[in-house]
Amino acid sequence: MKHSHGRVVDVTTLADLDRRLAGGAQSLTGWRVVGLDLTERGPALLERSLGQALFLGCEFADGYDDDVRRAGAIVLPDIPGIPVDTYRATLYSPGDLYDAPRYDDTLDARTYAWSRHGTSPEDALAMALHDHHVDAALAAWVADRDVVGVMGGHALERGSTAYAAAARLGHALGDHLTVATGGGPGAMEAANLGAFLPDGLDGALARLATVPSFQPDVGAWARVALDVVGETTDGRESLGIPTWHYGHEPPNVFATSIAKFFANAPREALLLEVCTAGIVFLPGAGGTVQEIFQDACENYYAGRTAVAPMVLLGRRYWTEELPVWPLLKALAAGRVMEPHVHLVDSVEEAVEVVRDTVSQRDGGSLPA
């Protein structure tokens with residue numbers, strides 16, 4: 001989010017606000033002041049130019065919120081009864097979402113339960129504001145990172161050969177790129193796991209296999225994963241972008257940063273958009289097929305410099321079980337995307353395609 005006067009400044013503590021005001025700031029244009037008790041700061045604020053300043057979920061002394069509005073600022077109050085921070089300025093961590101020993105008591109579970117019954121105009125506004133601010137936090141997070149996506153089915157169980165392969169894929173890609181997934185269980189969790197762990201992957205896979213699925217007990221599924229995270233001192237960063245629209249699929253804890261949305265359509269678009277280094281598609285069902293062709297549509301109309309590689313991993317799966325490849329290949333024929341669409345049969349091939357594409361784009365080579 002940017003204003004014509006420059007980059008947005010997030011102010012989330014009174015100490016930071018007081019420091020900036022004491023430093024001689026005369027204009028709050030482009031400032032986004034979030035969740036502060038400003039009952040004693042009204043006069044100081046009104047001494048400054050407030051045009052295009054945002055005050056989100058802040059508390060003012062009687063009458064000062066109206067004075068601040070008249071001075072040209074936008075003031076949006078807290079919406080009561082909402083389990084999440086409507087104006088949060090950062091992405092979630094696993095600890096934010098799994099903040100209680102019992103899963104039903106966690107922020108993640110409570111928010112999903114609320115979202116299923118939140119039908120009032122105030123609830124809809126809260127969800128939209130929340131997603132807007134998570135979108136802004138996501139844009140800031142990916143700005144200086146080279147992101148590669150891994151998409152695949154949520155039903156893939158720990159302990160399976162395919163789960164281990166997805167983890168190896170995430171591990172290899174995570175050596176030099178930032179791995180992003182849909183943030184859920186199955187192949188998504190496996191890829192985030194591999195990206196997160198710098199070593200000890202085989203041991204972690206064996207431990208996780210003791211609880212193969214998030215069904216029927218999300219708490220047990222999450223606890224063994226949180227134990228692995230807690231024992232890893234040098235875990236690598238990765239990204240998850242899940243949604244409460246599919247809240248019955250819990251977020252995995254191996255994504256170090258989590259952009260969780262209420263609305264699924266913009267979440268899907270953003271998930272594809274941030275993957276500037278391309279996407280590897282593992283075997284999946286309806287959701288994965290949707291992502292393939294949504295990504296294909298973007299690449300179909302993209303200019304030469306905007307096309308990102310699409311790598312379908314699993315030749316038999318994508319040509320026989322779900323024959324996506326023939327249609328994708330026909331769609332790409334004669335377009336600038338044609339040389340960037342790949343069908344491979346191994347993790348090693350998929351990694352090589354992504355690494356070669358990024359190297360050619362950057363005019364150099366990634367480290368071996």
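Which strands does helix 1 lie across, and at about what angle to strand 3 does helix 1 run? The legends below take up this question and others on a predicted model.

**View 1. Helix 1 lies across strand 3 and strand 4.** Helix 1 spans residues 14-22. Strand 4 covers residues 31-34. The helix runs at about 125° to strand 3.

**View 2. Four strands form an open sheet.** The strand order is 3-4-5-6, and the pairing is parallel. Strand 3 (9-11) and strand 6 (74-76) are the edge strands. Each of these two pairs on one side only. From one strand to the next, the twist averages 15°.

**View 3. Strand 5 meets edge strand 6.** Strand 5 takes in residues 54-56. The two strands run parallel and are joined by three bridges. F55 has V75 of strand 6 as its bridge partner.

**View 4. D131 is a buried acidic residue in helix 6.** Helix 6 comprises residues 121-142. D131 has no salt bridge. R267 is the nearest side chain of opposite charge, and it is 9.8 Å away. A salt bridge needs a separation within 4 Å, so R267 does not qualify.

**View 5. Polar partners of the D131 side chain.** The side chain of H130 makes a polar contact with that of D131, at 3.0 Å. A polar atom of the D131 side chain also lies 2.9 Å from the backbone nitrogen of F262. Beyond four places in sequence, D131 is in contact with K260, F261, F262 and A263. F262 thus appears both in this contact list and as the residue whose backbone nitrogen faces the D131 side chain at 2.9 Å.

Methods:
Residues numbered from 1 in each chain as written. Predicted model: local features only at pLDDT ≥ 70, side-chain atom pairs only at ≥ 80, totals over all residues. Heavy atoms only, no water. Buried < 20%, exposed > 50% of the residue type's maximum accessible area, 1.4 Å probe, protein only. Polar contact = N/O pair within 3.5 Å; in protein donor to acceptor, adjacent residues only side chain to side chain. Contact = heavy atoms within 4.5 Å. Pairing = 2+ DSSP bridges. Axes fitted to C-alpha atoms, helices over the stretch in contact; angles between N-to-C directions.
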